[in-house]
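Here are my notes on the model, set out as numbered points. They take the ligand site before turning to a pocket.

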Amino acid sequence: MSYDIREFHFILNEYLLLFAPAPLRVALAAAPEARALADAWLRRAGAVADDVGASYQEADVEGCALEPDGRVRIPAAFRELWQRLGGTIQRDLQADAAVSAQQDLMLLHVRQLVTEMLLGANPSFMAYGGFTHMAIPVLASQGTRAQQELLLPPLRDGRWDACFCATEAEAGSDLGDVTTLGQPTPQAGVHAITGEKIYITCGQHDLTENTVHFVLGRTAPGASLSCFLTPRLWPGVDGRLIDNHVRCIKVDDKMGLRGCANTHLSFGRAGLTRGLLLGDRAGIGLVQVAPLMTQARISTAQFGLGIATRAYLAALGFARRRRQGRRLGEFSAAAPRIAIVGHADVQRMLLEMKAVTEACRMMMATLNGHLAIIRLESALAVDAATLARARALAKFFVPLLKAYVSDQAWRVCELAIQVHGGTGFLRDSVVEQCARDVKVLSLWEGTNYIQALDLLKEKLRFGRNSQVWRAFREDFETFLRAAADHPPLAAECAAVREAYVALVAVVEGIGRLFAEREWDAIGQFATRLLACFGDLYAARVLLEAAIVALVRLAAPDLDPSARAFYCGKVKSCRFFVFNQLPELRARAAVIGNAATSLVTMADEEFGFTPVSTHRTRPARVAAPLAVHA
Ligand SMILES: Cc1cc2nc3c(=O)[nH]c(=O)nc-3n(C[C@H](O)[C@H](O)[C@H](O)COP(=O)(O)OP(=O)(O)OC[C@H]3O[C@@H](n4cnc5c(N)ncnc54)[C@H](O)[C@@H]3O)c2cc1C
């Protein structure tokens, strides 16, 4: 099992009721029937997640391959799973089953948790069709009527899927170097696509009848990027699907997500590849696909949380089973061996995993709350100031969570291996696979440095009093004032306030570095600044959860398992605030001390002989080394 239903109920029925952004608290409290519905959704999704998760390890072993006839083979279990569940999971996650704004709101939050469950259960399988629901709104808002009539019905009913093709061998983080072309043909609206794209997730497979590639390219060399809708099979005039000459040249042999086919694709090499210019508008491709890239970043954070939670729960289960050693300070050989969960150092690791996964889940729920305000603005009669704040904070959270959750998830998986000891290093250990699967999340959808730069440049305007920064400060200071009303958590609250003050000073310091055009310092500090924001916000939500827990713990008739659950919440907060959060002050000191902490290097100062990063065959030795003179 890769999820914890008790924790999900805490988020939906306790945490959000007290700490969701203001207009949502009222709406959620007024909808007890929506909570009953949420419970039913969660139970159903739990059964599906168990089903989907059954092939997690088997599919990793089988992997994907390019067959001699050019087809891409994916794990057999996925084919069976897809036939049974079809694209229904992805569709259900998108469907609007709600009949009221309250239900709609609850559905948005339930979807977050269900997505986490499923992505944690089997991230490779969930990648298939995973891009489609992000592509549909882009097509619905940007496509011409003809494009929508042609492509939306099969995408919506799951017969076709979509994938995103941006990256090229020489254009990764910097899409300014994309060379793929989409040049007009005599056929109105049709462009001839030529070029190659690499790493494309689920770029070719036969689970669906067809795949629509959203290809970034140019109408002419040097022109701004456009988006071309390029089906693998082209719908001919008689409705028949004909070869559109999109070929898979290679299936990547990856460290993780091995059940997910990542493909190197060529367009227009084997014959004419036709593409439709999205909305018939050239040069605005990046603007058109911006919502899709935003959603992909949110999904990346959900992937991270799902996999990290699975790794944490696996480590916890192992630590309870594995008996090894005696309590520290127990010197008698006759003393009983204990389960490793009783050792203080193992508890340190489990506590870090527990606190971080809980914090990330609440931060995701907070982002979701801001997105819900934007989406349900009129149904919930949201005022202009609240809406503006929600928009600003949603912008702030997207790069923050993409990078912070994926980095934390990698750390959680590493800790999960450490808790397992040698067992965790073996290929049949689930945590070993979790670590391999989770690593890509800091790389794709813009590396985590690109997210840090986005946060610093676009959202915080290099510390120059942006709207996002003002909204963040106003929101955080409101929280600090409210948290001060809880004396049992006074020490935790004071520590979070101190960290906040340190962060404000850091952001102001970045403003000065910008004024002085200290680009190296800004570039070197960006990632650590993002980590400061992540740790600060994590501490805040853990403090909020502890406040909820203390209220519950005051009830005299609490059953023992509920008491343990809430005590665990208070301890997650205490652990994080007094063990992890202090790192923020160290990072803040580094950033505030740029005159001495910044170190830049001339290439040769690194001093090492470059080593090949690709697998090399062992050199053939013609004759054994001469050992005799
Ligand atoms: C499993 C997998 C699935 C993927 N799926 C897709 C997909 O479906 N569609 C798609 O289009 N792409 C996909 N990608 C590509 C992915 O988005 C890119 O790998 C990513 O954008 C990084 O590009 P790159 O690999 O070329 O790294 P590079 O851009 O070469 O970066 C290498 C390192 O240099 C750093 N760096 C680069 N530029 C700068 C700079 N200006 N300043 C400071 N540091 C810099 C980076 O942060 C990174 O640490 C996928 C990749 C993988 C591994």
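1. In this predicted model, a nitrogen atom of the ligand is placed 2.8 Å from a polar backbone atom of Phe 164. An oxygen atom of the ligand is likewise found 2.8 Å from a polar backbone atom of Ala 166, while a polar side-chain atom of Ser 173 lies 2.6 Å from an oxygen atom of the ligand.

2. On its own the ligand has 980 Å² of accessible area, of which the protein covers 61%. Two or more residues of the surrounding shell are given by each of β3 (160-165) and β5 (190-201), and the largest share, three residues, comes from β5.

3. The ligand has 17 residues around it, and those that come nearest are Phe 164, Ala 166, Thr 167, Ser 173 and Thr 201. Sorted by class, this shell holds nine nonpolar, six polar and two charged residues.

4. Turning to the second largest pocket, its volume is about 620 Å³. It is lined by 20 residues, and Tyr 312, Leu 316, Arg 320, Lys 354 and Gly 568 are the closest to its centre.

5. The elements that give two or more residues to the lining of this second largest pocket are α1 (5-19), α12 (290-321), α13 (344-375) and α20 (560-580); α13 gives the most, with seven residues.

6. As for the class of the residues lining the second largest pocket, eight are nonpolar, four polar and eight charged, whereas the shell around the ligand has nine nonpolar, six polar and two charged residues.

Key
Residues are numbered from 1 along each chain as its sequence is written. This is a predicted model: local features need pLDDT of at least 70, side-chain atom pairs count only at pLDDT 80 or more; totals for chains, interfaces and linings use all residues. Side-chain values use heavy atoms; hydrogens and water are left out. A residue is near a molecule or strand if one of its heavy atoms lies within 4 Å of it. A polar contact is a pair of N or O atoms within 3.5 Å; within protein, one must be able to donate a hydrogen and the other to accept it, and residues adjacent in sequence count only if both atoms are side-chain atoms. Accessible areas come from the Shrake-Rupley method with a 1.4 Å probe; for residues, only the protein chains shown count as cover. Helices (H or I, at least four residues) and strands (E, at least two) are DSSP runs, numbered from the N terminus. Ala, Val, Leu, Ile, Met, Phe, Trp, Tyr, Cys and Pro count as nonpolar, Asp, Glu, Lys and Arg as charged, and the others, Gly among them, as polar. On a 1 Å grid over the protein atoms alone, a cavity is a set of points where a 1.4 Å probe fits but cannot get out, and a pocket is an open set with protein on both sides within 12 Å along at least five of seven lines; lining residues have an atom within 4 Å of a point. Grid points are joined across faces, edges and corners, and a volume is the space filled by probe spheres set on the points.
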